[in-house]
Amino acid sequence: NLNVSDTKELKATEEVFLPYRIIISNGNNLHWIVNEEDDGDFYFKLWNEAKGLLKRVINSNNNVNEVNKNLWDVLIVSKGFLFEFKSSIKTDMIQWFFSIPGDSPVQPESVLKVLILPEDDINKNNTIYILSENNLYKCILPFQKNDMSQVEYNKVINQFENDKDAVQYNIIKEIDPENKFPFKISSDVLCVVRGAKYKKLPDIEYSINGKSYNTEEISSIILANEKESYDRYIDKDNTLVFKNAGNTYRLYSNGLLEYRYIPGVKDQEKGDIGKSFEKAYTFIERIKNYLMDTDARLNLVNINDDNPGFYEFAFDYTINGYPIYINDDINKVVYNNTIIEKDASEVNGSNYRNAVLVKVNKNRIIEINWNIINFKKTRNINEYDVYFEDMLNAISEKYDIQEELDRFSIKNITIGYKVDSLYNEKISPAWMIEKLDGSYYSTEMTKKEVE
């Protein structure tokens, strides 16, 4: 049994266990992205429903059946509601979020995408498909008294269908069923090829300066009740250092917070994932609440459990429901705070780092790397072109890929915000095109011209 206080589990579930995006399909080649900021009521209503169903699926092990993974391409164009995570989340972690005892292995072994098809079953039950890292699972659940009904699901779809300003998406397999694009592109990529051409999006501001604290206050926030056991000093590079026999924290002037447990893991076992995550979450929550001054969330985006001595949890910032991408070279700073210039050609695209990486086991945190950046919403809102063809042209022009289409690939397309330097800045939304190798092409979105 996972001995976790309900409040901690519930708070973590509400704050960091959120889908990367929610997609509604009307079964007639139209799809809409439900955004946390723009469609908040729908977003949380649908996500709360999906969480309840997911909890029942994980609890009803005998009703979960593995089905042919090739069905997925057919299912995603069906009338339904899709919940996507950035990467697959192991089921034992989800059990912790839902306070489900994790004594026995369950199917699915992980969750990457959850698809609810309320009208799929002839006996008028609800049908849930779960795509894991390796397999596809199906579970049929009866509608319960407090569930959204088929009528309520349809009302949500109807509201999006009747909203003339809502951006309508197609899936690549609908517009290119015979794979005739001259480059590699995943069949489930969303793109806009008709309907509303512009979407209203805000600029955001960011700064490494959070709440203003002196060294004493910062030490209380970072070290909590252990602060008396640490020596503290500011080194020649203006880095604030807290150190004792086994632990070192460094808060750099560029906002990077590093922690190292000096003895490392040695012969330690990582133990229970829930206990480990709770240690990481408790630290993150304290820093975010008391050191930072931000409108952004931190979402859990990846879990790596390959090392026998620790789990590695990765978190990224999101704001207004849109992901924030931090350039992998962001910490390559010379001491006078000038950013080292990258290769201007950017021929192969860029890599982006997670905002927070925590290595932790059931006993303690082993390592932390955290770019502490404070993001703020602004009132500066513009309309931006969201058409697929215009985005492709902009990318083609920026990276000069017309001549080498064989090296161009698209795994996913999102709207996001990218942080390429650590100076206080205001940034506009950008197209983020994830390639099959995990790196990104990116280009600023085009503002609608004022008539």
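Modeller: Let's start with what counts as a strand: strands (E, at least two residues) and helices (H or I, at least four) are DSSP runs, numbered from the N terminus. Two strands pair if DSSP finds at least two bridges between them. We're looking at a predicted model, where local features need pLDDT of at least 70, side-chain atom pairs count only at pLDDT 80 or more, and totals for chains, interfaces and linings use all residues. Residues are numbered from 1 along each chain as its sequence is written, and side-chain values use heavy atoms, with hydrogens and water left out.

Biologist: Okay, bridges first. Which residue in β7 is the bridge partner of T127?

Modeller: That's I140. Their strands, β6 (residues 126–131) and β7 (residues 136–141), run antiparallel and are joined by 6 bridges.

Biologist: In what order do the strands sit in the open sheet of 7 strands?

Modeller: Read across, the order is β2-β1-β4-β5-β6-β7-β3, and the pairing is antiparallel. At the edges you'll find β2 and β3 (64–67), each of which pairs on one side only. From one strand to the next, the twist averages 25° (angles run from 0 to 180 degrees between N-to-C directions, and axes are lines fitted to C-alpha atoms, for helices over the stretch in contact).

Biologist: Which helix packs on that sheet?

Modeller: α5 does, touching β1, β2, β4 (79–90), β5 (110–117) and β6; touching, or contact, means heavy atoms within 4.5 Å. The direction of α5 makes about 90° with that of β1.

Biologist: And how do you read a pair of packed helices?

Modeller: Two packed helices are described by the angle between their axes and the distance between the axes. Here, take α2 (residues 40–59) and α5 (residues 150–161): their axes come within 12 Å and cross at roughly 145°.

Biologist: Which residues of α2 and α5 meet there?

Modeller: From α2 you have F42, K45, L46, E49 and L53, and they meet E152, Y153, V156, Q159 and F160 in α5.

Biologist: Back to sheets. Which strands form the open sheet of 3 strands?

Modeller: The order is β22-β11-β25, again with antiparallel pairing. The edges are held by β22 (374–385) and β25 (425–427); each has a single partner strand, so one side of each has no neighbour in the sheet. Ignoring direction, neighbouring strands of this sheet are turned by 20° against each other on average.

Biologist: How many bridges does β11 make with β22, and how many with β25?

Modeller: β11 and β22 pair over 9 bridges, while β11 (residues 198–207) and β25 pair over 3. Want some positions to click on? S207 stands opposite N374 in β22. On the β25 side, E205 stands opposite K426, and the bridge partner of I204 is I427.

Biologist: Why is β11 described as largely enclosed by the rest of the structure?

Modeller: Because 7 of its 10 residues are buried. Buried means under 20% relative accessible area, exposed over 50%, and partly exposed in between (1.4 Å probe, protein chains only). Two cysteines also fall in the buried class: C139, at 1% relative accessibility, and C191, at 2%.

Biologist: How many disulfides does the model have?

Modeller: The count comes to 0, where a disulfide is a pair of cysteine sulfur atoms within 2.5 Å.

Biologist: What about backbone angles? Which residues should I look at for a positive phi?

Modeller: Most residues other than glycine have a negative phi. In this model, look at N29, which isn't a glycine but has a positive phi of about 65°. N29 lies in the loop between β1 (21–26) and β2 (31–34), and with a relative accessible area of 35% N29 is partly exposed. D400, also not a glycine, has a positive phi of about 55°. You'll find D400 in the loop between α9 (388–399) and β23 (409–410), and D400 is exposed at 52% relative accessible area.

Biologist: Last one: is A245 buried or exposed?

Modeller: Exposed, with a relative accessible area of 83%. A245 sits in the loop between β13 (240–243) and β14 (247–251). Try drawing a line from A245 to Y43: the two are 202 residues apart in sequence and 47 Å apart in space, C-alpha to C-alpha.
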